[in-house]
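Trainee: I have a structure open and I don't know where to begin. Can we go through it together?
Mentor: Yes, put it up and ask as you go.

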Amino acid sequence: SVFSRRRSSQRPPCIGGWIPWLGAALWLRKAPLQFIEQSRIKYGPVFTIVAVGHRLTFVTDEEGCAAFFKSKQVDFLAFIQRVMQKTASINKESFYKSYNAIREMMKSRMSQNKMYLYSKKLNEEFYEHLEYLGMEGTMDLYNFVRQIMVPVVLNTLFGKETCLTNRKMIAQLEEHFCKFDEKFEYGALLPEYLFRDWSKSKHWLLRLVEKVVRDAERNYPSEDKSKTLLHHLLDTLKGNATSGFCLVFLWASQTSVYPATFWSLAFIISQPAIYKTAMEEITAVFGKAAGNENVKISETELQKLPFLKCCILESLRLRSPGAITRIVMKPMKIHNYTIPPGDVLMMSPFWMHRNPKYFPEPEVFKPERWKKANIEKNIFLDGFIGFGGGQLFCPGRWLVLMEIHMLVALILYEFELTPLDPVPDQSNLHLAGALKPSGPCRIQYKQRMKAHSSAMNVLH
Ligand code: HEM
């Protein structure tokens, strides 16, 4: 076997190639997501994979999870710093100068009680972009979601006045963003010269972000409440590594939201009983026929759609990021093993969400399991770590849940969707961010009862 099991005293079992580069190539090119689970079965709850010159140590059970989030021997900033250096060319000094201030700003600007700042704009813009779909058609569901969502999400965070609102620009951005996103974790670990295309897209995106920043600076609102998140980011950075930080923000705010919306819609419409329950809930709030009037959805309406929210959280549970990462700073004991400093510590929310102790029948899509959580207050189920945990929670979680909740409600209300393909598996090639679909999933969409409602309008 190419993989050998080396036993060094007290260290976790180690899986590595004879030549580190060969081991890496195999591990990275095969299905890394499946490889984590196969290694857990073979080697136990803690194991190390030597790849691309790094020691990646995986923790896969509750004890490991607690250590991952809480241990003082583990640091998250050190890892984020390395990733940002590679993926966005932010040097160490610039990183530490601004990172804490950015985190605080994001936590505060995207907290639960600030969601009213975004809801009206999102509602209006989703409608504006639904228009482009026409009355009916057939499309791949992932493209369908992206077509509506990409411009709206970009406008909400970066502002309508930047060059990102231009549809031609969005098409180019999508092309480069996909290349950048597809190899993000490789780019974070490997030297840039190995990934020419990736590197080209990274630099294209950095140049684009520079232009976006110039546009935003030209339209600087005087009032605080009219500022976009980009404006607040610029206020916080005060010129420090601006395009690098903005690129990372662009990536973090985009990479998971489209797949998460895709899975939510795919799981709902592919299961007739669930689709029916969702539609009953939606029509109870907005009425039966979609009229020519656009419905207004704010947080108040969304609170009346708890089943839909349970479906979204259940989709997130099943398609959570393949891995999240820390760095071991001091020797760390776990299960009688000592993990040495310098190891990259990894944990998989995707696999942790398959622990039957927390999620009975873990592979089954069961929105009703979320009834036990206080979803109105956004308190998740025990064992759910799709947005991280410990000291590092995703600051965008309330915003992204609102974006998905609103769009899924609007789409289901306005269109009748018929799946033409079965729901694809998740792609096993990537670990960073919510998992993407492995193949196409075509749907037919048709605007609901417009004819009926316009006939009604004539009668009135
Ligand atoms: C469904 C969508 C999303 C998922 C599943 C998700 C998940 C995550 C996870 C797992 C982490 C890392 C936690 C850790 O390592 O422990 C994270 C961090 C982060 N996320 Fe999200 N996220 C999503 C959407 C967003 C959005 C929309 C934004 C911004 C608008 C955002 C901004 C960030 C940032 C800035 C961080 C780094 C936080 C820090 O360093 O303190 N995310 N997210």
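Trainee: What share of the 460 residues of the protein chain counts as buried?
Mentor: The figure is 39% of the 460 residues. Keep in mind that this is a predicted model.

Trainee: Predicted, ok. What pLDDT does the protein chain average?
Mentor: The average is 86, and 90% of the residues score at least 70. Two stretches fall below 50: residues 1-8 and residues 451-460.

Trainee: How many contacts do those stretches have in the model, beyond near neighbours in sequence?
Mentor: Residues 1-8 have 12, and residues 451-460 have seven. Where pLDDT is low, the predicted coordinates should not be read in detail.

Trainee: And what are the ipTM and pTM?
Mentor: The model scores ipTM 0.97 and pTM 0.91.

Trainee: How many helices and strands does the protein chain have?
Mentor: There are 19 helices and 14 strands. Of the contacts with a separation of 6 or more, 73% are between residues 24 or more positions apart.

Trainee: Let's do the strands. Which ones form the open sheet with strand 14 in it?
Mentor: Three strands, in the order 6-14-13, with antiparallel pairing. Strand 6 (136-140) and strand 13 (415-419) are at the edges; each has a single partner strand, so one side of each has no neighbour in the sheet. From one strand to the next, the twist averages 25 degrees.

Trainee: How many bridges join strand 6 to strand 14?
Mentor: Five, and strand 14 covers residues 442-447. To find the pair on screen, look for G137, which stands opposite Y445 in strand 14.

Trainee: Which helix lies across strand 6 and strand 14?
Mentor: That is helix 7, residues 141-158, which runs at about 110 degrees to strand 6. V145 is in helix 7.

Trainee: Is V145 buried or exposed?
Mentor: Buried, because V145 has 25 C-beta neighbours inside 10 Å and the cut-off for buried is 20 or more.

Trainee: What does V145 touch?
Mentor: Leaving out residues up to four places away in sequence, V145 touches Y258, T261, F262 and L265. T261 is 116 residues from V145 along the chain, yet their C-alpha atoms are separated by 7.1 Å.

Trainee: Y118 next. Where is Y118 found?
Mentor: Y118 is in helix 6, residues 116-130. Y118 counts as buried, with 20 other C-beta atoms within 10 Å. Its contacts, leaving aside neighbours within four places in sequence, are T156, L399 and M402.

Trainee: How far apart are the C-alpha atoms of Y118 and I170?
Mentor: They are separated by 21 Å, and the two residues are 52 apart along the chain.

Trainee: Back to strands for a second. Which way do strand 3 and strand 4 run?
Mentor: Antiparallel: six bridges join strand 3 (residues 46-51) to strand 4 (residues 54-59). V50 has R55 in strand 4 as its bridge partner.

Trainee: And strand 4 with strand 10, parallel or antiparallel?
Mentor: Parallel, with three bridges between strand 4 and strand 10 (residues 344-347). One bridge there pairs L56 with V344 in strand 10.

Trainee: New topic, the ligand. How many residues surround the ligand?
Mentor: There are 21, and the closest are S253, S256, G388, C394 and G396. Helix 5 (92-109), helix 12 (242-254), helix 13 (257-269) and helix 18 (397-414) each give two or more residues to that shell.

Trainee: How do the residues of the shell divide into nonpolar, polar and charged?
Mentor: The shell has 15 nonpolar, five polar and one charged.

Trainee: Last thing, the backbone. What is the phi of S89?
Mentor: S89 has a positive phi of about 55 degrees, and S89 is not a glycine. Most residues other than glycine have a negative phi. S89 is in the loop between helix 4 (77-88) and helix 5, and S89 is partly exposed, with 16 other C-beta atoms within 10 Å.

Trainee: And what about the phi of H335?
Mentor: H335 also isn't glycine, and its phi is positive, near 50 degrees. H335 is in the loop between strand 8 (332-334) and strand 9 (337-339). H335 is partly exposed, with 14 other C-beta atoms within 10 Å.

Methods:
Residues are numbered from 1 along each chain as its sequence is written. This is a predicted model: local features need pLDDT of at least 70, side-chain atom pairs count only at pLDDT 80 or more; totals for chains, interfaces and linings use all residues. pLDDT is the predictor's confidence in each residue, from 0 to 100. Helices (H or I, at least four residues) and strands (E, at least two) are DSSP runs, numbered from the N terminus. A residue is buried if 20 or more other C-beta atoms lie within 10 Å of its own, exposed if 12 or fewer, and partly exposed in between; C-beta atoms are placed from the backbone. A residue is near a molecule or strand if its C-beta atom, placed from the backbone, lies within 6 Å of it. Ala, Val, Leu, Ile, Met, Phe, Trp, Tyr, Cys and Pro count as nonpolar, Asp, Glu, Lys and Arg as charged, and the others, Gly among them, as polar. Two strands pair if DSSP finds at least two bridges between them. Axes are lines fitted to C-alpha atoms, for helices over the stretch in contact, and angles run from 0 to 180 degrees between N-to-C directions.
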